[in-house]
Amino acid sequence: MSFDEIIDRVGTHCSKWDKMEALYGVDPKDGISMWVADMDFRAAPCIQRAVEAQLRHGIYGYFGDDGAYLDAIRWWMETRHGWQVAPEWIFTTHGLVNGTGICVEAFTKPGDGVVLMTPVYHAFARVIKAAGREVVECRLARDGGRYTLDIAAWDAQMTGREKMMILCSPHNPGGRVWTAAELRQIADFARRHDLILISDEIHHDLVYPGHKHLVMATAVPEIADRLVTMSATTKTFNIAGSHTGNVIIADDRLRAAFGAKMAALGISGNSFGMHMATAAYSPEGAAWVDALVAYLDGNRKVFDAGIGEIPGLASMPLEATYLAWVDFAGLGMGADAANARVAGEARIAANHGASFGAGGESFLRFNLATPRARVVEAVERLQQAFADVQ
Ligand SMILES: Cc1ncc(COP(=O)(O)O)c(C=O)c1O
C-alpha cells in the first residue's frame, strides 16, 4: 500500500477527473483535479478482496442477512468512537445525501425551514430546496482563522418555522472538530427552537493529531429524543461509488417516521456496498485508516506551508478532513477573478466557495487526498499563478 503511487483515473468514468473539464474548464491532460471529496488512492486491500470474492462468485443478486454488516458497524463505533450502537437503530441508505433527503421528507413539511451552519457541504441546501423546504443559513463566525458558533445571532434569526437542523461534524468545509462545549451549545440551540437535529458525522475518522471527534449522541445524551446520526464508510475508505451510508436513530418515534419513508421509497441495500463496508470496518481497515490519516496530515502541512507563502491567501488550519479551505479575500481581486486564475493559470479544478452558502464566497476548497507529489505541484502552480501579487 503506497499513497504516493500516481494512478491515472482519467477515462474511468470517475466524477473527479472525468467531469473536471465540463465543470471547471480544466483539461485533465495537464490539470489537477482537487474538487469533489474522493481520494486518488486505491481502497484498502481488505475491501478489494471482498469485492474480488463477489466478482469471482459471478452472481450479483439481492443482498440478504445483514448480521455481519451490522456487527461491523457496532464494532467500529465502539472501538473507534466509544459509542454503543444497537443494530435495530441502523438504517442503510444509498449514501448520506440520500439519508439527508429521507430526513427532510420524514421530519419536515413543504415550506418548513431547515437550519444550516454555513458555509457547509453544498448538497444539504440542494436537497432541502429540491424538496420545497426553506434553507435557513446561520453563518459561522470566525475566530483566529477558525470557524466558531454564533449562537446569539442564530437565536435572533429563528422565526418558529424551522423544524430541523443539519450539523456537519466534523465540519466541511474548514475542518473544525467541534468540542464538547460547542456540541452542547448546538444541542441546546436545537432544543430551544424545537428542531430535530441531524448530525452528519461522515468525516469522523479523518481527524488529525491533537483533536478528537466526539459523537453527538455520547457528548450530549439528553438530545437522543431529537437526534439522528449519519455515518458511512465511504469517505473514510474512499468507496463513495458504493453509495452506502447509515442513518442511526435511537429514539423510537423518530425511527418509526424515518422507517416509514424508507419503506415508501422502497430502499434496500446495495450488495457491493454492504460487502465493502463490512470488510472496511475491521482491524485491517482500521490500520489502513491510521496510515491514511498520517499521510493526509503530511499533505495538509505541505499545502499550508506553500499557501502561507502567497500573500493574500489564508488556508484554514484543518482539524479534520482532507478538504483545504483557502480564503482568497486578501488578494482584493474578487472571487470570479481568483477562481479564473486557479482554473485558467494554475490549471486546478477546485470547488468554488460560493456553492457552500453564505460566508463561503471568497474561498476555494482544495481536495488534498492525492499523492503528495501532486499537492507539491499544485502549490507551485498556485504560487506562480499569483506571483504578480507577491
Ligand atoms: C458532510 C458530507 N455529507 C455527505 C457527503 C456525501 O455523502 P454520500 O456520498 O454518502 O451521499 C459528503 C461528501 O463529501 C459530505 O462532505
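**Buried cysteines and a bound ligand**

Modeller: In this predicted model, Cys168 has 3% relative accessibility and therefore counts as buried.

Biologist: What makes Cys168 count as buried?

Modeller: The word applies under 20% relative accessible area, and because Cys168 stands at 3%, Cys168 falls within that class. Cys103, at 0% relative accessibility, is likewise counted as buried.

Biologist: Why does a search of the whole structure find zero disulfides?

Modeller: A disulfide needs two cysteine sulfur atoms within 2.5 Å, whereas the sulfur of Cys103 has its closest cysteine sulfur in Cys168, 14 Å away, and is therefore too far for a bond. Seen from Cys168, the closest cysteine sulfur is that of Cys103, again at 14 Å and too far for a bond.

Biologist: Which residues surround the ligand?

Modeller: Cys168 is one of them, and the others include Ala37, Tyr121, Asn172, Ile202 and Lys235. By class, this shell holds six nonpolar, three polar and two charged residues.

Biologist: What makes the pairing of Asp200 with the ligand a polar contact?

Modeller: The cut-off for a pair of N or O atoms is 3.5 Å, and a polar side-chain atom of Asp200 lies 2.6 Å from a nitrogen atom of the ligand, which means that the pair qualifies. By that cut-off, the side chain of His203 also qualifies, with an N or O atom 2.8 Å from an oxygen atom of the ligand, as does Val97, whose backbone N or O atom lies 3.0 Å from a ligand oxygen.

Biologist: How much of the ligand does the protein bury?

Modeller: Taken alone, the ligand exposes 400 Å², and the protein buries 94% of that; the ligand sits in the largest pocket.

Conventions
Residues numbered from 1 in each chain as written. Predicted model: local features only at pLDDT ≥ 70, side-chain atom pairs only at ≥ 80, totals over all residues. Heavy atoms only, no water. Near = heavy atom within 4 Å. Polar contact = N/O pair within 3.5 Å; in protein donor to acceptor, adjacent residues only side chain to side chain. Areas by Shrake-Rupley, 256 points an atom, 1.4 Å probe, with all protein chains shown as cover. 1 Å grid on protein atoms, 1.4 Å probe; cavity = no way out; pocket = protein on both sides within 12 Å on 5 of 7 lines; lining within 4 Å. Sits in = over half its atoms within 2 Å of the grid points. Nonpolar A, V, L, I, M, F, W, Y, C, P; charged D, E, K, R; others polar. Buried < 20%, exposed > 50% of the residue type's maximum accessible area, 1.4 Å probe, protein only.
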